[in-house]
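Good morning, and thank you for coming. Today I shall describe where open space is found in one protein model, and then how its interior is packed.

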Amino acid sequence: MEALIAEHEQLAKSGTLQKSVGDVQKTIDILVKARERIAADPDHTSLELAKLQNPIKSSFDDIHKDLEEVRKHQTKYAKLLDKKFKDKSLPQMDYEALSSQPALINRAIAMHLLREGQFSVASTFLTEATKNQSSDAMTDELTMSGTEHDLGIDSLKSESLRKQFANMYHILHEMKTERNLLPAIEWAREKAAELDRRGSNLEFELGKLQFVWLFVGNHTSNGRPNLLEGRARALQYAHHQLSRFQPRYMKELQQLCGAIAFCPNLQQSPYRRMFANNDAWDEIATSFTREFCSLL
């Protein structure tokens, strides 16, 4: 190991290529000076070019010598590495962990397709997967898993599940394309109990972004935000919709309301990051998708 460490240190010193860079710079300096002399006296161009042959050749020889020294240490270091850390074959798996659970694999694939909005593809896949399973194999799977409806693929065939995914994509479309958070807020309000059990703050984050959007997101006919009107809308929204979050999110609510005092100079306020977060919509969409799928 000592030899490997010593060679590593030697490679670290020579691998910087400082000597090579210095020789390249000397070559450049020679050429620049020759160009200046030729520009000053074009009649002696041939003589100046003839004088360059030996210095340039010597410079290139020095550069190649420097690089050869680096390559020598690299080769030696690589050999020491191969000698010290010999390749070992990976352990062979005689079985696949899920090879005896095709229903779980099919469900995972179908869920992925549904989450991606590929409803027709998911339907075709489920139909084909069911056809390819013999009745005996399905009976064995039921015996092993004990919960066909929870872990199998039959539950994915239900029209209600597909409608839920369709609803999710409708809400995401409204959120991303139309900048309309109301469908997502309504869904989160309906699922408030389940979200609370998961410790999720999705409903508050949606309301928080709605406050920001009402404050700075609405524009007048000239394309500029009317912060004075936006402040009134945001304050009214906070009073009616966000006040119930005070026990849990008092600090965040104080920050939102504190920004009102800086209107219309939000960009110079301590709260400017809350109102100029370009990733906020993508982050809330990701959070919504995760929570939606977790409650299916």
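Let us begin with the largest pocket, to whose lining α11 gives the most, with 8 residues. Please keep in mind throughout that this is a predicted model. The lining of this pocket consists of 20 residues, and Leu209, Met274, Asn277, Ala280 and Trp281 are those nearest its centre. Besides α11, the elements that give two or more residues to this lining are α14 and α15. The space in the largest pocket comes to about 440 Å³. What is the character of its lining, by class of residue? There are 11 nonpolar, 5 polar and 4 charged residues.

I turn now to enclosed space. How many cavities of 30 Å³ or more does a search of the whole structure find? The search finds 1. The largest cavity holds about 30 Å³ of space. Among the residues that line the largest cavity are Ile185, Arg189, Glu203, Tyr237 and Phe245. At least two lining residues come from each of α9, α11 and α12, and α12 supplies the largest share, 3 residues. The lining of this cavity divides into 4 nonpolar, 2 polar and 3 charged residues.

Next, the nonpolar core. As general background, nonpolar side chains in soluble globular proteins tend to be buried together. In this model the largest nonpolar core has 46 residues, and the members that touch the most others are Met175, Leu206, Phe211, Phe215 and Phe288. Elements that give two or more residues to this core include α4, α8, α12 and α13. The largest share, 8 residues, comes from α11.

Phe211 deserves a moment of its own. Which residues does Phe211 contact, if we leave aside its neighbours within four places in sequence? They are Ala234, Leu235, Tyr237, Ala238, Leu242, Leu256, Ile260 and Phe275.

Finally, consider α15, which runs from 280 to 294. Its 15 residues, at 1.5 Å a residue, should span 21 Å, because the expected span counts one less than the number of residues. The end C-alpha atoms of α15 are 21 Å apart, which agrees. Several residues of α15 are buried, including Ala280, Trp281, Ile284, Phe288 and Phe292. Against which elements do the buried residues of α15 pack? They pack against α4, α8, α9, α10 and α11.

To close, I would return to α11: the helix gives 8 residues to the lining of the largest pocket, and 8 residues to the largest nonpolar core. Thank you for your attention.

Key: Residues numbered from 1 in each chain as written. Predicted model: local features only at pLDDT ≥ 70, side-chain atom pairs only at ≥ 80, totals over all residues. Heavy atoms only, no water. Core = buried A, V, L, I, M, F, W, Y, C linked by side-chain atoms within 4.5 Å. Buried < 20%, exposed > 50% of the residue type's maximum accessible area, 1.4 Å probe, protein only. Helix = DSSP H or I, 4+ residues; strand = E, 2+ residues; numbered from the N terminus. Contact = heavy atoms within 4.5 Å. 1 Å grid on protein atoms, 1.4 Å probe; cavity = no way out; pocket = protein on both sides within 12 Å on 5 of 7 lines; lining within 4 Å. Points joined across faces, edges and corners; volume = space filled by probe spheres on them. Nonpolar A, V, L, I, M, F, W, Y, C, P; charged D, E, K, R; others polar.
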